[in-house]
Amino acid sequence: MVKQQRVKGVCARPALWLLLLGAGLAAGASPVDVYDFPDAATEARYRALVAELRCPKCLNTNLAGSDAPIAQDLRAAVHRLIIQEGLADQQVRDYLQARYGDFILYDPPVTGATLFLWAGPILFAGIGLGLIAVRMRRQQRARLSDADQAQLRRILDEA
Amino acid sequence: MRPALFTPLVVFLVILLLGYIGFQLEDPHRLPSALVGKPFPDFAAQRLEGGDGALVGREDLLGSPTLVNVWATWCPTCRAEHEELLRIRASAPVRIIGVNYKDDPAKARRWLRDYGDPYEFNLVDPDGALGVELGVYGAPETFLLNAAGEVVFKQVGAITESVWRRELAPRLAALGVAVSAAPNARPADASAAFSATPAAPQQSDVGSR
């Protein structure tokens with residue numbers, strides 16, 4: 001955000017504008033903190049995890065995209081867990097789930113409370129298909145039989 | 001009378017009903033507490049005052065029912081909650097341990113000197129690492145532990161008189177702590193302004209955290 005505001009002052013120079021915009025986009029993935037990684041693969045793992053996990057404070061933002069202090073702390077925790085403690089991705093998820101609950105996973109498990117969430121779409125699709133079937137059958141019944149068609153044609157021809 | 005005529009009305013009423021129920025559901029900012037029913041996590045932290053740099057761990061919280069209160073001087077709701085903690089300290093035989101969360105130790109010590117100290121002792125969590133270990137995502141938060149160190153209850157947001165009466169006092173009584181049924185009349189001072197009315201939902205406590 002800050003970068004884009006700064007951009008406003010230099011709109012006269014499109015090249016500079018684009019350059020700054022590019023820099024802003026590149027920095028957008030992880031807004032503030034700078035971490036060291038031993039190799040690119042580990043960095044990719046870190047980025048994937050913070051993009052996948054949910055910020056507990058902000059309802060619908062992942063850890064990567066949030067400026068909330070708790071998201072910064074959790075990014076630091078993810079970094080520490082994979083670099084210093086050498087945890088696998090699933091272990092990091094389990095660690096955070098044990099402390100912050102299912103909320104952090106963006107992936108509600110099937111329980112009594114979330115059953116409607118999972119079954120709802122199937123339920124509604126079923127209702128929709130049922131309605132279509134009923135209408136089609138009704139239309140079919142409303143169609144004239146062959147004898148009626150013949151009689152209709154005869155009447156029309158006479159007119 | 002054709003039933004199709006009333007279909008839009010019925011659909012409208014159903015939507016109205018869903019909205020009526022949906023908006024009455026609990027505050028979406030309130031996370032279900034993952035640690036309830038589980039042992040309080042192991043940790044190592046320094047004390048805010050005294051202790052000579054010795055680390056405090058989970059074993060120091062065992063032995064009797066304990067409230068672990070996460071607070072900070074930058075948190076206005078904690079200031080409101082502080083009066084209630086002092087009142088609990090004065091009226092119920094329960095340990096209150098503080099976790100000074102992402103705070104300046106000098107400010108925290110001044111706060112305890114100026115406003116009173118309800119805590120048996122305080123732990124410091126300068127960078128929020130202990131908070132992550134405990135699943136804290138803001139301040140104030142309070143854990144109720146039984147003597148074995150299991151989390152019995154977690155309050156997100158301030159402890160108010162009504163939270164004490166409805167959530168904490170009954171659970172403490174069940175854990176064998178002598179809590180009077182109608183805990184102590186509130187002193188007629190400024191702290192009364194902070195107390196929630198009994199019927200008010202506690203959601204308002206969370207917003208300002």
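**A sheet in chain B and a contact with chain A**

In chain B, helix α5 (residues 161-174) lies across two strands, β6 (141-145) and β7, and runs at about 165° to β7(B). This picture, like everything below, comes from a predicted model.

Those two strands belong to an open sheet of five strands in chain B, and reading across the sheet gives the order β5-β4-β3-β6-β7, with mixed pairing. What stands at the edges? That place goes to β5 (121-125) and β7 (151-156) of chain B; each has a single partner strand, so one side of each is left without a neighbour in the sheet. Neighbouring strands here don't line up perfectly: on average they are turned by 20° against each other, if direction is ignored.

Further in, we get to one particular pair of strands. Strand β3 (residues 66-71) and strand β4 (residues 95-101) of chain B pair in the parallel sense, and six bridges join them. To pick out one spot along this pairing, take Val70(B): its bridge partner in β4(B) is Val99(B).

Now for the place where the two chains meet. Chain A brings 12 residues to the contact and chain B brings 11 residues. On the side of chain A that touches chain B, α4 (69-83) and α5 (89-100) of chain A each supply at least two residues. The largest share of that side comes from α4(A), which gives four residues. And what kinds of residues does chain A use to touch chain B? They split into eight nonpolar, one polar and three charged.

Conventions: Residues are numbered from 1 along each chain as its sequence is written. Chains are lettered from A and ligands numbered from 1 in the order in which they are written. This is a predicted model: local features need pLDDT of at least 70, side-chain atom pairs count only at pLDDT 80 or more; totals for chains, interfaces and linings use all residues. Two residues are in contact if their C-beta atoms, placed from the backbone, lie within 7 Å. Ala, Val, Leu, Ile, Met, Phe, Trp, Tyr, Cys and Pro count as nonpolar, Asp, Glu, Lys and Arg as charged, and the others, Gly among them, as polar. Two strands pair if DSSP finds at least two bridges between them. Axes are lines fitted to C-alpha atoms, for helices over the stretch in contact, and angles run from 0 to 180 degrees between N-to-C directions.
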